[in-house]
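Reader: I'm new to this one. Can you show me the structure and walk me through it?

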Amino acid sequence: MTAHRSDLKRQLLEQARKRTAPRAASPNGSASAAHATATPVAERFTRFDAHPGYQQLAMLRQGAEQLGLKDPFFKVHEGIAGATSVIQGTSCINFASYNYLGYSGDPRVTQAAADALTRYGTSVSASRVVSGERPIHHELEQAIAKAYQADDAVAFVSGHATNVSTLGYLLGPKDLVLHDEYIHNSSLVGAQLSGAKRMSFTHNDPEALDALLSRHRHQFERVIVVIEGLYSMDGDIPDLPRFIELKKRHQVWLMVDEAHSFGVMGATGLGLHEHFAIDPTEVDIWMGTMSKTLSGCGGYIAGNKALVETLRYFAPGFLYSVGMPAQVAAPSIKVLELMQQEPERVENLHTISRYFLQQAKAHGMDTGHSIGAAVVPIIVGSSPLAAHLSHTLLEQYHINVQPILHPAVPEKSARLRFFLAHDHTQAHIDQTLDALATLLAQAQT
Ligand SMILES: Cc1ncc(COP(=O)(O)O)c(C=O)c1O
């Protein structure tokens, strides 16, 4: 559209807006008096395209266009996304899915979903508290509780909503949420919703947490420490035994988000407690998601009876939201069963992840603090470079990896983030790292 035509369109829209602006009612019911005195509102507060979010998006798109890059987000995977995936009609090596053990797309898991679908239909239509409860919900929660040797577990329809609702409900204005500085957005939003005071401590630094607890614990009633089992930006893990020691000493709750560590950490994928060989009941709240290894959708909280019952009856994202559809619950139950029968998948994931890390280091690439367990970043230090590498790897080499750009990380930490799966091969990795090394060398010249 030419500048002249777009000006004309704007004028026409403005005239139409003035003609159709609703009249505010005056206290005595006369609309016209209120209309005459209504204070004009700046247009930027009435238009979605003036919203800061939209403006930021427009700026990013303009930048990408100038660099000749496609939008790296919302890529369409045309089939099952695992170690490989079809994108733009072409089979690619895929490092952008959380299908760590390859169970999403496994025929046995798909069959479990199909059976549940046939038996229960596509939706449970209501909150489980009223008429959404099905036997399959109980089965799933019992299987999750067993994985944590916990009294019970409760399943929410979204992983994000699990953290929002759990933190939002359990804590209040007299309480404190202390979290790792790299904690996921869902925990931040939950903490904000709760109205509790919120403080962050340096990433994976129990000593920084200890100092904050020593200074502030006594000023609050309930205090909760929130950490993750495997940080998905960096691929590193917390020193869980040390966090447990601190939580006991300062008499606070410890919550561990296992979105990425369940299925990945430990010899059979049972998560961080298995990795450290600690009694899982030492952690007050285990949280995780069904969307990753468990090949479904939703989130869970596992813990003691009082915690789980309280959430089941009062957490708003559970109480006021629909129950999980049966065909979404069934795959996760099946995966929990298969994981116990097939520990070799976890072992393969560990082996291939370590191989990726070693080879990346051998190429002189910066892998940050990754321990080489399913998540390995390659830090390239510039958002345009990360976007360029992701774009070129896909277009020229059919390798799919997401760039992580500022402001998701500081500009100097912009990166490519590789998610490994149990069925990635050494050939996939050699091919990928050779291509990346070539592109990095070209970028330096
Ligand atoms: C650490 C963490 N917690 C919670 C979530 C939210 O889970 P979901 O995407 O299943 O809603 C994610 C999502 O990736 C996550 O990485």
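Author: Sure, one term to begin with: strands (E, at least two residues) and helices (H or I, at least four) are DSSP runs, numbered from the N terminus, and two strands pair if DSSP finds at least two bridges between them. This is a predicted model, where local features need pLDDT of at least 70, side-chain atom pairs count only at pLDDT 80 or more, and totals for chains, interfaces and linings use all residues. Residues are numbered from 1 along each chain as its sequence is written, and side-chain values use heavy atoms, leaving out hydrogens and water.

Reader: How many bridges join β1 to β2?

Author: β2 covers residues 90-94 and runs antiparallel to β1. Ile87, for instance, has Thr90 of β2 as its bridge partner. The bridges joining β1 to β2 number four.

Reader: What is the order of the strands in the open sheet?

Author: The sheet has three strands with mixed pairing. β1 (84-87) and β11 (399-400) are the edge strands, each pairing on one side only. That gives the order β1-β2-β11.

Reader: Is Leu338 buried or exposed?

Author: Leu338 sits in helix α14 (residues 326-341). It touches Tyr103, Arg108 and Val109, leaving aside residues up to four places away in sequence; contact means heavy atoms within 4.5 Å. Buried means under 20% relative accessible area, exposed over 50%, partly exposed in between (1.4 Å probe, protein chains only). Leu338 has a relative accessible area of 2%, so it counts as buried.
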